[in-house]
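Here is a short briefing on one protein chain. Have the sequence and the 3D view open as you read.

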Amino acid sequence: MNEERNMKIFCLLLAAICSPVLSESWKATIVKNLDALVSSCVVVPCSFSHPKEKLPTSRLRGIWHRSNKRDEIIYYEDKTRVLENFRGRTQMLGDLGQNNCTLEIVEIKNHDNGPFCFRIELARTETDTETKDKFSFVEDCVELNMLPGPPKPKLVHSETATEGHSYIVTCSVIHTCPSHPPTLTWSRSTRDGLIEDHREIHSGFWEKQSILTFIPEVKDDHSEITCTAEFHKQQTSSATMKVYVKRSENYNHIIIPAVVGVATAVIFGVFCIFMVKKYKKRITELQSQDGSMWNRLSRLSRRIHSSGPGPSRSDQRQEAFLVRPRGDRVDFGHTPNNVMSQSCADQKVSKPRFPSPKSQPKSCNYKEDLDDGDDYMNTADLNVYGNI
């Protein structure tokens with residue numbers, strides 16, 4: 001029991017002794033891997049810690065170099081010590097007095113893949129620039145993955161837009177250069193509403209976001225919307241989507257054509273009824289003006305249709321009357337027996353000079369003759385006037 005107690009006490013004393021020693025170490029936190037777009041830029045997040053009191057920036061010197069060769073410097077205050085192909089392309093974005101050692105590299109080349117490590121030197125005093133303490137963090141270096149082309153933006157939206165209701169489309173792209181973030185533009189007007197956001201999603205990787213809000217119309221159905229991302233040094237990529245617009249929940253597109261169709265049918269029906277009544281009224285007026293004339297025309301029409309081509313019976317009667325000579329009497333002596341037998345007994349014609357057809361002797365079958373198409377009149381007239 002005593003041995004266990006003594007062991008615990010020993011461990012506590014050892015931890016108390018070692019903690020100041022461990023707290024005296026310098027540490028750096030650097031992203032291990034980053035994507036870098038060729039000819040664009042990249043920002044390498046970096047921070048460090050030290051056991052001393054807060055140090056002023058004037059006493060600190062920050063250096064970035066290749067991991068295996070410390071003399072191959074890619075960034076330093078004295079640009080004459082920087083490799084020629086990195087001169088003017090690197091700068092320290094962070095403030096060393098705030099323990100920030102973030103590095104920016106612009107105009108990325110294919111050979112800028114690293115690994116690159118951070119080194120810090122501490123001057124004795126603000127006036128004494130000689131650096132006695134030097135710390136290189138070779139175990140925490142960054143390696144760049146070269147991207148030959150810009151990443152495509154991503155579009156997020158609902159499947160179907162509804163006419164007259166707000167529709168939201170989100171365009172976003174991930175990049176590694178927050179000092180020169182890409183610009184997002186839309187192919188359609190953004191007057192309805194546009195919101196932009198730029199945030200770090202995780203260490204070293206940033207997201208640029210643009211949110212478009214608009215009110216879709218029927219004409220927008222099956223139209224396309226394109227979002228274009230323009231990166232540093234004018235490199236661009238784009239993404240396109242189709243908009244499918246659903247009509248609002250109403251039945252105007254059904255009711256309006258139906259009402260128009262019914263109204264057209266009613267108007268046409270009223271017009272037809274009006275025309276029928278008009279013609280019926282006209283026919284009634286004609287019949288009331290001269291009923292006998294109407295009957296004559298009707299009978300004449302029936303005779304013409306029944307007799308076919310050739311001179312009409314009325315014309316034959318007129319010809320017979322025209323060739324009849326003057327005289328006081330008409331002799332029926334030569335009239336055939338079969339005709340005379342059909343006439344009334346002892347019927348004579350005593351009127352001189354072209355008597356009217358109404359005054360001519362009528363056969364006993366007068367009504368029947370009229371119904372049969374006046375066959376008797378044709379035969380009798382020809383016999384009577386032909387034998388004079």
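Start at Ser40 in this predicted model. Beyond its neighbours within four places in sequence, Ser40 is in contact with Ile105, Val106, Glu107, Ile108, His232 and Gln235. Is Ser40 buried or exposed? Ser40 counts as buried, because its relative accessibility is 4% and buried means under 20%.

**Around Ser40**

- Ser40 sits in a loop, with β2 (33-37) on one side and β3 (41-44) on the other.
- β3 belongs to an open sheet of three strands, in the order β3-β8-β7.
- The pairing in this sheet is antiparallel.
- β3 and β7 (90-92) are the edge strands, and each of them pairs on one side only.
- From one strand to the next, the twist averages 15°.
- β3 and β8 (residues 103-106) are joined by four bridges.
- One residue to find here is Cys41, whose bridge partner in β8 is Val106.
- Val106 is also one of the contacts of Ser40.

**The whole protein**

- The protein has 388 residues, and 31% of them count as buried.
- Its secondary structure comes to seven helices and 19 strands.
- Take the contacts between residues at least 6 apart in sequence: 62% of them join residues at least 24 apart.
- About 25400 Å² of the protein is exposed, and carbon and sulfur atoms supply 53% of that area.

**Nonpolar cores**

- In soluble globular proteins, nonpolar side chains tend to be buried together.
- The largest nonpolar core here holds 34 residues.
- Which members touch the most other members? They are Leu34, Phe48, Trp64, Phe116, Phe118, Val142 and Leu144.
- Strand β9 (residues 116-123) gives this core its largest share, four residues.
- Another core lies apart from this one and has 19 residues, including Leu155, Ala161, Ala239 and Val245.
- Look at Phe48 in the largest core. Leaving aside neighbours within four places in sequence, its contacts include Trp26, Leu60, Leu96, Cys101, Phe118 and Ile120.
- Phe48 is also in contact with Lys27, Asn99 and Asn100, among others.

**Strand β13 and its partners**

- Strands of a sheet pair through backbone hydrogen bonds, either parallel or antiparallel.
- How many residues of β13 (residues 167-175) are buried? Seven of its nine residues are buried, and the strand is mostly covered.
- β13 pairs with β11 (residues 154-157) over four bridges, in the antiparallel sense.
- In that pairing, Lys154 stands opposite Ser172 of β13.
- β13 also pairs with β16 (residues 205-214), again antiparallel, over nine bridges.
- There, Ile168 stands opposite Thr213 of β16.

**The sheet β14-β17-β18**

- These three strands form an open sheet with antiparallel pairing.
- Why is one side of β14 (183-186) and of β18 (235-243) left without a neighbour in the sheet? Both strands stand at the edges with a single partner strand each, so one side of each stays free of a neighbour in the sheet.
- The twist averages 20° from one strand to the next.
- Four bridges link β14 to β17 (residues 223-231).
- Trp186 has Cys227 as its bridge partner in β17.

**A helical span**

- The UniProt record, an unreviewed entry, annotates residues 254-276 as "transmembrane region".
- In the model, this span is 100% helix and 0% strand.
- The C-alpha atoms at the ends of residues 254-276 lie 34 Å apart.

Note on methods: Residues are numbered from 1 along each chain as its sequence is written. This is a predicted model: local features need pLDDT of at least 70, side-chain atom pairs count only at pLDDT 80 or more; totals for chains, interfaces and linings use all residues. Side-chain values use heavy atoms; hydrogens and water are left out. A nonpolar core is a set of buried Ala, Val, Leu, Ile, Met, Phe, Trp, Tyr and Cys residues joined through side-chain atoms within 4.5 Å. Buried means under 20% relative accessible area, exposed over 50%, partly exposed in between (1.4 Å probe, protein chains only). Helices (H or I, at least four residues) and strands (E, at least two) are DSSP runs, numbered from the N terminus. Contact means heavy atoms within 4.5 Å. Accessible areas come from the Shrake-Rupley method with a 1.4 Å probe; for residues, only the protein chains shown count as cover. UniProt positions are given in the numbering used here, feature names are shortened, and annotations may be inferred rather than shown by experiment. Two strands pair if DSSP finds at least two bridges between them. Axes are lines fitted to C-alpha atoms, for helices over the stretch in contact, and angles run from 0 to 180 degrees between N-to-C directions.
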